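Colleague: Got a minute to go through the charged pairs and cysteines with me? I'd like to hear the reasoning behind each label.
Modeller: Sure, let's pull it up.

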Amino acid sequence: MAITIEAYTVVAQKARIAEALEAGEIPIPNTPLADDHLWRCSFMAHADALAFADKLQALGFNTTQGPDSDVVVVNEFDQSIDPYCEWLKMAKWENAWIAWLNGTQPRTVFAKEGGTPRPAQA
């Protein structure tokens, strides 16, 4: 499974933030997207993505120390991942960038409704 990367995307390992998500502790600023392994929220401005990552850091998630951080910020435009991590893989698929958890296969891509590539079919 894989998720799309759009503009500046905050990506988290779903297993590491699941409890906080379920408890409503994470202030989600826009429409998130997830597969079985990854959770993400995308922003048009880099500063907004960094501000959201800072909020996650304040909740106790590692957003600054790699290679095994809980959360990273991915830049669609230059494909950078900050901080450096070894758990996220990226590639171009159709006309979009996708990301998936290292060790899994990106056979299905989850995208927002109307996005590119097309959302996964159930």
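**Salt bridges and cysteines**

Modeller: Asp68 forms a salt bridge with Arg16, with their closest N and O atoms 2.8 Å apart. Asp68 sits in the loop between helix H2 (46-58) and strand S5 (71-75), and Arg16 in helix H1 (residues 14-22), 52 residues apart. Helices (H or I, at least four residues) and strands (E, at least two) are DSSP runs, numbered from the N terminus. Keep in mind that this is a predicted model, where local features need pLDDT of at least 70, side-chain atom pairs count only at pLDDT 80 or more, and totals for chains, interfaces and linings use all residues. Residues are numbered from 1 along each chain as its sequence is written, and side-chain values use heavy atoms, leaving out hydrogens and water.

Colleague: Why is the contact between Asp68 and Arg16 called a salt bridge?

Modeller: The term needs a side-chain nitrogen of Lys or Arg within 4 Å of a carboxyl oxygen of Asp or Glu. The N and O atoms of this pair are 2.8 Å apart, so the label fits.

Colleague: What makes Arg16, Asp68 and Asp70 one network?

Modeller: Asp70 and Arg16 also meet in a salt bridge, at 3.1 Å from N to O. Salt bridges that share partners join the three residues.

Colleague: Is Asp70 buried or exposed, and how do you know?

Modeller: Buried means under 20% relative accessible area, exposed over 50%, and partly exposed in between (1.4 Å probe, protein chains only). Asp70 has 14%, so it counts as buried. Asp68, at 45%, is therefore partly exposed, and Arg16, at 32%, is partly exposed too.

Colleague: How many salt bridges are there in the whole structure?

Modeller: The search finds 3. One of them pairs Glu6 with Arg40, at 3.1 Å from N to O. That pair links distant parts of the chain, with Glu6 in the loop between strand S1 (2-5) and strand S2 (8-13), and Arg40 in strand S4 (residues 38-43), 34 residues apart.

Colleague: Why is Glu6 called buried?

Modeller: Its relative accessibility is 19%, so Glu6 falls under the cut-off. Arg40 is buried as well, at 2%.

Colleague: Why is there no disulfide between Cys41 and Cys85?

Modeller: A disulfide is a pair of cysteine sulfur atoms within 2.5 Å. The sulfur of Cys41 is 18 Å from the closest cysteine sulfur, in Cys85, so that's too far for a bond. The count comes to 0 disulfides. Cys41 is buried at 0% relative accessibility, and Cys85 is buried at 8%.
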